[in-house]
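The following paragraphs lead the reader through one protein model, from its sheet to selected residues and then to the molecule as a whole. Please keep the sequence and the structure in view while reading.

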Amino acid sequence: MRFDTKIGIVVRADLAAWQQLNVTAFLASAVAGGVPETVGEPYEDGSGNSYLPMFRQPVLVYVAGQEELRVVREKAVGRGMDVAVYIEEMFKTGHDADNRAAVRAVEADELGLVGVAVHGARNGVDKVLKGLTLHP
């Protein structure tokens, strides 16, 4: 099945593996919470156990350097896409309110990006992520 929209997550290549996974999880949750139509219906197994719903379309995860992350954020914001950011300072916070305060304290062009998620029209997301490498 081909979707009209696409979800792409980009994490900084030089992060430790646990940090890349953590950033990816948080950014995916941002898309799910901010764009509810990306989430499908709940699951149920043959025994009647219920499970949480997931994205109804694939999520592609890329790696990039600091400058590439900045460019991705700028292009996506410029195109009016749904964007989530994760900045380095968020590794030191303990909860959501502190995370928001850390982002609010920094001008957009000064964000210490370690990850960016974008959601939008498939061709627009492809253009924003063009040239990036898929996560190994």
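Two strands are taken to pair if DSSP finds at least two bridges between them. The model discussed here is predicted. Under that criterion, strands E1 and E6 form an antiparallel pair joined by seven bridges, and within this pair Lys6 stands opposite Gly120 of E6.

The pairing of E1 and E6 is one part of a wider arrangement. The protein contains four helices and seven strands, and from the N terminus its elements follow the order β-α-β-β-β-α-β-α-β-α-β. Its radius of gyration is 15 Å, close to the 14 Å that the globule rule gives for 136 residues, so the protein is as compact as a globular protein of that length.

Five of the strands form an open sheet, in the order E5-E6-E1-E4-E7 and with mixed pairing. Strands E5 (82–87) and E7 stand at the edges with a single partner strand each, so one side of each is left without a neighbour in the sheet. In general, strands of a sheet pair through backbone hydrogen bonds, in either the parallel or the antiparallel sense.

It is convenient to cross this sheet from the E5 edge. Strand E5 pairs with strand E6 (residues 113–121) in the antiparallel sense, over six bridges. Two positions illustrate the register: Tyr86 has Gly115 as its bridge partner in E6, and Val85 stands opposite Val116 in the E6 strand. Is E6 mostly covered, or is it mostly open? Eight of the nine residues of E6 are buried, and the strand is thus described as mostly covered.

Beyond E6 comes E1, by way of the seven antiparallel bridges already described. Strand E1 (residues 5–12) is in turn joined to strand E4 (residues 59–64) by six bridges, and these two strands run parallel. Within this pair, Ile7 has Val59 as its bridge partner in E4. At the far end of the order, E4 and strand E7 (residues 133–134) run antiparallel and are joined by two bridges. There, Val63 stands opposite Thr133 of E7.

Individual residues add detail to this picture. Ala64 lies in strand E4. Which residues does Ala64 contact, leaving aside its neighbours within four places in sequence? They are Val10, Val11, Arg12, Ala13, Leu69 and Leu132. The relative accessible area of Ala64 is 4%, and because residues under 20% count as buried, Ala64 is classed as buried. Ala64 and Ala76 are 12 residues apart along the chain, and their C-alpha atoms are separated by 15 Å.

Two residues from the helices may be considered next. Val128 is found in helix H4 (residues 122–129) and, at 3% relative accessibility, counts as buried. Neighbours within four places in sequence aside, Val128 is in contact with Val72, Lys75, Ala76, Arg79 and Met81. The C-alpha atoms of Val128 and Val71 are separated by 8.3 Å, although the two residues are 57 residues apart along the chain. Asn99, in turn, belongs to helix H3 (residues 96–104). Asn99 is buried, with a relative accessible area of 10%. When residues up to four places away in sequence are not counted, Asn99 touches Met90 and Thr93.

The account closes with the molecule as a whole. Taken along the principal axes, the C-alpha atoms fill a box of roughly 50 × 35 × 30 Å. Of the contacts with a separation of 6 or more, 74% are between residues 24 or more positions apart. Buried residues make up 36% of the 136 residues. The protein exposes about 8000 Å², of which carbon and sulfur atoms supply 54%. Finally, the protein has 14 positive and 18 negative charges, and the mean positions of these two sets are 7 Å apart.

Terms used. Residues are numbered from 1 along each chain as its sequence is written. This is a predicted model: local features need pLDDT of at least 70, side-chain atom pairs count only at pLDDT 80 or more; totals for chains, interfaces and linings use all residues. Side-chain values use heavy atoms; hydrogens and water are left out. The radius of gyration is taken over C-alpha atoms; the globule rule is 2.2 Å times the number of residues to the power 0.38. Buried means under 20% relative accessible area, exposed over 50%, partly exposed in between (1.4 Å probe, protein chains only). Contact means heavy atoms within 4.5 Å. Accessible areas come from the Shrake-Rupley method with a 1.4 Å probe; for residues, only the protein chains shown count as cover. Lys and Arg count as positive and Asp and Glu as negative; His and the chain ends are not counted. The place of a charge is taken as NZ of Lys, CZ of Arg, CG of Asp or CD of Glu.
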